[in-house]
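Visitor: I would like to learn how to read a protein model with a bound ligand. Where do we begin?

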Amino acid sequence: MKFDSLIIGGGLAGLMCGIRLAEAGQRCVIISRGQSALHFSSGSLDLLAELPDGTPVNAPPEAFEALKQQAPLHPYSLMGAENVCRYAADAEALFARANISLQGSFKQNHRRVTPLGTQRATWLSPQEIPIAPLPWKRITVVGIAGFLDFQAELVAGSLAGQQLDVRIAELTLPALDVLRNNPSEFRAANIARVMDMPEQQSLLIEELKTLAGDSEVLFMPACLGSEDAQAFRTIGSQLPCALRLLPTLPPSVLGMRMYNQLRRRFQQLNGLMMPGDAVLRAETQHQNVSAIFTRNHGEVPLRAKNVVLASGSFFSGGLEAKFSGIREPVFGLDIHAPATREAWCHEDFFSPQPYLQAGVAVDESFHPLRDGRPIENLYAIGSVLAGFDPLQQGCGAGVSVTGALHVAQHILAAQEVCA
Ligand SMILES: Cc1cc2nc3c(=O)[nH]c(=O)nc-3n(C[C@H](O)[C@H](O)[C@H](O)COP(=O)(O)OP(=O)(O)OC[C@H]3O[C@@H](n4cnc5c(N)ncnc54)[C@H](O)[C@@H]3O)c2cc1C
């Protein structure tokens, strides 16, 4: 099987890169072993919320120069401030083409309300997420009876501290009783499957109308709309007040929906998805990847002009921490990591953890190195990369998205030169 580009990993980075390449007419395949970080994420995408020295960031474009001084190996520093801004703007347009409706702009962070009722700086959020400053004074936070992954009392407690009139209420929908009987099944994704059913929506609307009272807005756990925002819009349009959703503990309906929408867009562009398959090894010749071997295809090689490694960090198995050190398992690429095992973790749990900055070392075109030499048709993107801390710097999705478009541009530019 031959492709223009073969992408290893179908998380945010792999899908964004695949969509951009497929939009330009490339024949692309994404091979992805399992769920990605999106399935566990808030659904909001961070670009840059804090510099390594702890300075908060309001306007990312104004902070990239300072970031370069403090973190020269950060993927943004390698791409350059101007490029990062251009790719961020392109990404906003790409999300719109994929029918993903988001609020926010790369020029200015906004503050989203978290599942704890606190606020956190981010780049793009689903339209359903409430963002500061809240335009309402009377809020009802609606929990779902028996659903432990969202605590209405916690949210209400934090909001009440912000001079708001906050009440809590509990939703009981008979159709949820079957799930409730088995607490391990009573999760956001399963609840959404029930609440998304058109036949449940009139009951849900009636229940929410009763709970609304004289509130200006209802905050509910994000258990609606795994495929798209239609159920949210239908229900919201029939309530006497506004409706907003707050992320729950994973699995995340808002993240899963973004994954589903990106995957659909890629497939509509004739991209080939191979979910549930895993790349096990690769052959290289003359500093080029010549064949990829996967679990499902056995000894049948997959070949592509370009290969993009988007296999994620430790969480997704793109990086492995062994007793002997941190490694990238498919190609055995060079890794940037703290020199000794003792230096991987900081003893204060709440401090930035050095292991989070470990990853694959790349040059400015995001070519990774092996034994100090670049592999010419191989690129690496997303959280497999070294040099950034997605938690402390609030930049996880931004690195995945902008890096994906950076690599897509390099691949397409090289294709033009060859044509
Ligand atoms: C739990 C969690 C929550 C997060 N929440 C947020 C958030 O709310 N906002 C934010 O901005 N950032 C968040 N992040 C940061 C996150 O890393 C990025 O936002 C981004 O989603 C990472 O995307 P990725 O494509 O680089 O990697 P991943 O999403 O990890 O995807 C990698 C994919 O590669 C696959 N894979 C790995 N090895 C192979 C192989 N050998 N063969 C085939 N497939 C393979 C994996 O199965 C996985 O599907 C979160 C991270 C984690 C871990």
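Guide: With a cut-off. A polar contact is a pair of N or O atoms within 3.5 Å. Keep in mind that this is a predicted model.

Visitor: Which residue offers a backbone N or O atom 3.1 Å from an oxygen atom of the ligand?

Guide: Ala397 does. A backbone N or O atom of Ser383 lies 2.8 Å from a ligand oxygen. Ser400 uses its side chain instead: a polar atom there lies 3.4 Å from an oxygen atom of the ligand. The protein covers 87% of the 1,000 Å² of accessible area that the ligand has on its own.

Visitor: How many residues surround the ligand?

Guide: The shell has 33 residues. The closest are Ala37, Ser42, Val279, Ser316 and Ser383. Sorted by class, 13 are nonpolar, 17 polar and three charged.

Visitor: Which element gives the most to that shell?

Guide: Helix H12, with three residues. H12 spans 396–418. Helix H1 (12–23) and strand S2 (28–32) each supply at least two residues as well.

Visitor: Next, salt bridges. How do I read one?

Guide: Look for a side-chain nitrogen of Lys or Arg within 4 Å of a carboxyl oxygen of Asp or Glu. The structure holds 16 salt bridges.

Visitor: What is the N to O distance between Glu23 and Arg265?

Guide: The closest N and O atoms of Glu23 and Arg265 are 2.7 Å apart. Glu23 lies in helix H1 and Arg265 in helix H10 (residues 253–268), so the bridge ties together parts that are 242 residues apart in sequence.

Visitor: Are the two partners buried or exposed?

Guide: Buried means under 20% relative accessible area, and exposed means over 50%. Arg265 has 16%, so Arg265 is buried. Glu23 has 23%, so Glu23 counts as partly exposed.

Visitor: Which residues form salt bridges with Glu320?

Guide: Lys322 and Arg327 do. The closest N and O atoms of Lys322 and Glu320 are 3.8 Å apart. For Arg327 and Glu320, the N to O distance is 2.7 Å. Relative accessibility is 38% for Lys322, 36% for Arg327 and 24% for Glu320. Each value falls in the partly exposed range. Elsewhere, salt bridges that share partners join Arg20, Glu23, Arg97 and Arg265 into one network.

Visitor: How do I read a buried arginine?

Guide: Check its place, its accessibility, then its partners. Arg257 sits in helix H10. Arg257 has 7% relative accessibility, so Arg257 counts as buried. A polar atom of the Arg257 side chain lies 2.8 Å from the backbone oxygen of Gly225. Beyond its neighbours within four places in sequence, Arg257 is in contact with Glu128, Leu224, Gly225, Ser226, Glu227, Asp228 and Ala229.

Visitor: Can we do the same for a whole helix? How many residues of helix H7 are buried?

Guide: Seven of its eight. H7 covers residues 188–195. The buried residues are Ala188, Ala189, Asn190, Ile191, Ala192, Val194 and Met195. Their cover includes strands S7 (138–144), S8 (165–171) and S9 (217–221). It also includes helices H6 (177–180), H8 (198–212) and H10.

Visitor: And loops? Where is Arg187 found?

Guide: In the loop between H6 and H7. Arg187 is partly exposed, at 29% relative accessible area. Not counting residues up to four places away in sequence, Arg187 touches Phe147, Asp149, Pro250 and Pro251. The side chains of Arg187 and Asp149 share a polar contact of 2.8 Å. A polar atom of the Arg187 side chain also lies 3.0 Å from the backbone oxygen of Pro250.

Visitor: One more loop. What does Pro352 touch?

Guide: His346, Asp389 and Gln392, leaving out residues up to four places away in sequence. Pro352 lies in the loop between strand S17 (335–336) and strand S18 (359–360). Its relative accessible area is 46%, so Pro352 is partly exposed. Compare sequence with space: Pro352 and Ile335 are 17 residues apart in sequence and 19 Å apart, C-alpha to C-alpha.

Definitions and conventions. Residues are numbered from 1 along each chain as its sequence is written. This is a predicted model: local features need pLDDT of at least 70, side-chain atom pairs count only at pLDDT 80 or more; totals for chains, interfaces and linings use all residues. Side-chain values use heavy atoms; hydrogens and water are left out. A residue is near a molecule or strand if one of its heavy atoms lies within 4 Å of it. A polar contact is a pair of N or O atoms within 3.5 Å; within protein, one must be able to donate a hydrogen and the other to accept it, and residues adjacent in sequence count only if both atoms are side-chain atoms. Accessible areas come from the Shrake-Rupley method with a 1.4 Å probe; for residues, only the protein chains shown count as cover. Helices (H or I, at least four residues) and strands (E, at least two) are DSSP runs, numbered from the N terminus. Ala, Val, Leu, Ile, Met, Phe, Trp, Tyr, Cys and Pro count as nonpolar, Asp, Glu, Lys and Arg as charged, and the others, Gly among them, as polar. Buried means under 20% relative accessible area, exposed over 50%, partly exposed in between (1.4 Å probe, protein chains only). Contact means heavy atoms within 4.5 Å.
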